[in-house]
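Biologist: Got a minute to walk me through this fold? I'd like to go from packing to the sheet.

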Amino acid sequence: MLGSVELIRNWFQMASDGEAHASVRFGDASNTILAHDTVLTMDFIKSHYGWLNDPTYCGITLPNASAREIIVHCLRKADYVGHLIQTDYWYFKPLFDMCLAYYKVEPKETFYAFENNYIARFRLFYETFKNMPILICGAKAEQYREVLERRYGWTSIVGTVDCPSWSHVSMASKQLEHIYQQTPWKLALICAGAPGKVLAIKAKELHTVGVDFGSGADVAIQADTENLNAWDYNGFPDYWEGRPKK
């Protein structure tokens, strides 16, 4: 599995070289999307999950067969696949392994799905991408951009794209392409839950680097509210704060 420093350096090198790449993460919610009505029945899922009718958690409600097939497509197209490694609960690594077997997918390269949270606390991350043309995507994109520019001196963020829920995926994808045509960027940091997987693959299709960065944005934002640099922040960010409600 790739570690934080390897991911940072690989993303930077691929973006600098103009390679097409997508890093996509599959946590417990993504596992559920992959598994619903296939690996697991909806009756079983309804008895074990409380967020199915609330898009706040990961930007989607279930069941949604078309969304599942799109997320499966993202799994197949991803170059680096992030997944949970814990086996103490069945809905972490065991469920993801069942999904890989069911869909007959063998990832090219893997990393820990929560690596984004660690990377967001590395000084190296902020120094590496400080001057690279970057696109920021997600419900907190504008807030994240402001923090990156003011606190960390990022100079080349070309734009932001909002994507608070699954219903916004198509529009956000079009915006990604429109911004790229106007001001080409090399790497997209996408903090958008389940929709983020689709946008990471869209970035790859534009021959850029798409990174499903999830709560990495929340780390920097929360650290900033406490007047700390991310590498000095030891807390867990309030992922729910400021996200769209159902």
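Modeller: Sure. When I say contact, I mean heavy atoms within 4.5 Å. And keep in mind that this is a predicted model.

Biologist: Ok, so what is I60 in contact with, leaving aside neighbours within four places in sequence?

Modeller: I33, W51, D54, P55, A67, W166 and A194. I60 and L34 are also the residues with the most contacts inside the largest nonpolar core, which has 49 residues.

Biologist: Which helix gives the most to this core?

Modeller: Helix α10, residues 193–205, with 6 residues. Another core lies apart from that one; it has 36 residues, including I8 and W154.

Biologist: Switching to the sheet: what's the strand order?

Modeller: β3-β2-β1-β7-β6-β4-β5, an open sheet of 7 strands with parallel pairing. β3 (109–112) and β5 (157–161) are the edge strands. On average, neighbouring strands are turned by 20 degrees against each other, direction ignored.

Biologist: And where does α10 touch the sheet?

Modeller: On β1, β4, β6 and β7, with its direction at about 165 degrees to that of β1. Helix α8 (residues 141–152) packs on the sheet too, touching β4, β5 and β6.

Biologist: How do α2 and α5 cross, left-handed or right-handed?

Modeller: Left-handed. The axes of α2 (residues 28–35) and α5 (residues 93–103) come within 9 Å and cross at roughly 35 degrees.

Biologist: Which residues meet there?

Modeller: N31, T32, L34 and A35 from α2 meet L95, F96, C99 and Y103 from α5. That's 6 nonpolar, 2 polar and no charged residues.

Note on methods: Residues numbered from 1 in each chain as written. Predicted model: local features only at pLDDT ≥ 70, side-chain atom pairs only at ≥ 80, totals over all residues. Heavy atoms only, no water. Core = buried A, V, L, I, M, F, W, Y, C linked by side-chain atoms within 4.5 Å. Buried < 20%, exposed > 50% of the residue type's maximum accessible area, 1.4 Å probe, protein only. Helix = DSSP H or I, 4+ residues; strand = E, 2+ residues; numbered from the N terminus. Axes fitted to C-alpha atoms, helices over the stretch in contact; angles between N-to-C directions. Left-handed = near helix turned anticlockwise from the far one by under 90°. Nonpolar A, V, L, I, M, F, W, Y, C, P; charged D, E, K, R; others polar. Pairing = 2+ DSSP bridges.
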